[in-house]
Amino acid sequence: MARYIRITLEKRGVSARARLLDDEAPRTAEAVWQALPLKGDVFHGKFARNEVYTLVEPFAAQEPGAENQTITPIPGDLCYFTFEGVLNNPAYGYETSAGTNETRMLIDLAYFYGRNNLLLNGDVGWVPGNVFGTVVEGLDALAAASQDIWMGGARGESLVIERDGED
């Protein structure tokens, strides 16, 4: 039975439906599913290219670990990253309110909306992400809104991730 989630850019009023990849990333998909709904400030990827993400507190009873990883996500991929103390470099440009200046663990939940993404960080090297879902409806509208985030700014935008049913 397939499970679905909805990812919404709240201020822009745009959402897409994604299928969880329970067969390919069962631990990550289950951890995300159990934590929903989630909401956080939006950031646009600086290094990865066509990426929009939010940073949230850890939510899994046990970290899922590496599964179904990629360093070259494709349009529609949903990825899960774990960062601990890596994002506190001022070069990343996060405001103090983002909480990245602390050494605590943060979870990065991201979607990718265009091609030619490469998860390479100048400070730490390759940053593989667990691909736990794929957008099945609404990617074009989400991509247009994401491009607007890149050019118009992310300030004030929230990413909402919630359950959207099962087949």
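Hi everyone, let's start in a loop: N50 sits in the stretch between β4 (43–44) and β5 (51–56). Please keep in mind that this is a predicted model.

So, is N50 buried or exposed? N50 has a relative accessible area of 14%, and because buried means under 20%, N50 counts as buried. What does N50 touch, leaving aside residues up to four places away in sequence? Its contacts are Y111, F112, Y113, G114, R115 and N117. With R115 we can be more specific: a polar atom of the N50 side chain lies 2.7 Å from the backbone oxygen of R115.

Staying with β5, let's look at L55, which is found in that strand. L55 is buried too, with a relative accessibility of 13%. If you want to find L55 on the screen, try T82 as a landmark: the two are 27 residues apart in sequence, and their C-alpha atoms are 9.6 Å apart in space.

T82 leads us to a pocket. T82 is among the residues nearest the centre of the second largest pocket, along with Q69, Y80, F81 and P128. The lining of this pocket has 14 residues in total, and its volume is about 200 Å³. Which strand gives the largest share of that lining? It is β7 (residues 77–84), with four residues. Sorted by class, the lining has nine nonpolar residues, four polar and one charged.

Now for the enclosed spaces. A general idea first: rolling a probe the size of a water molecule over the atoms shows where empty space is left. How many cavities of 30 Å³ or more are there here? There are two, and the largest holds about 50 Å³ of space. Its lining is made by I5, I7, L78, L109, A110, Y111, F132, L159 and I161. The elements giving two or more residues to that lining are β1 (3–9), β8 (105–112) and β12 (158–166). β8 gives the most, with three residues. By class, the lining has nine nonpolar residues, with no polar and no charged ones. You may recognise Y111 in that list, as we met Y111 among the contacts of N50.

From β1 we can step across to its partner. β1 and β2 form a hairpin with four residues between them, and in the turn G13 has a positive phi of about 65°. The two strands pair in the antiparallel sense over six bridges. One pair to look for is L9 with its bridge partner V14 in β2.

β2 also has a partner in β11 (residues 129–137). These two strands run antiparallel and are joined by four bridges. Here you can find R17 standing opposite E137 of β11. Why do we call β2 largely enclosed by the rest of the structure? Because five of the seven residues in this strand, which covers residues 14–20, are buried. While you have strands on the screen, here is a general point: in a regular strand the side chains alternate between the two faces of the sheet.

My last stop is W126, in strand β10 (residues 125–126). Not counting residues up to four places away in sequence, W126 touches I71, L118, L119 and L120. W126 and T70 are 56 residues apart along the chain, yet C-alpha to C-alpha they are 9.8 Å apart in space.

That's my tour, thank you for listening!

Definitions and conventions:
Residues are numbered from 1 along each chain as its sequence is written. This is a predicted model: local features need pLDDT of at least 70, side-chain atom pairs count only at pLDDT 80 or more; totals for chains, interfaces and linings use all residues. Side-chain values use heavy atoms; hydrogens and water are left out. Buried means under 20% relative accessible area, exposed over 50%, partly exposed in between (1.4 Å probe, protein chains only). A polar contact is a pair of N or O atoms within 3.5 Å; within protein, one must be able to donate a hydrogen and the other to accept it, and residues adjacent in sequence count only if both atoms are side-chain atoms. Contact means heavy atoms within 4.5 Å. On a 1 Å grid over the protein atoms alone, a cavity is a set of points where a 1.4 Å probe fits but cannot get out, and a pocket is an open set with protein on both sides within 12 Å along at least five of seven lines; lining residues have an atom within 4 Å of a point. Grid points are joined across faces, edges and corners, and a volume is the space filled by probe spheres set on the points. Ala, Val, Leu, Ile, Met, Phe, Trp, Tyr, Cys and Pro count as nonpolar, Asp, Glu, Lys and Arg as charged, and the others, Gly among them, as polar. Two strands pair if DSSP finds at least two bridges between them.
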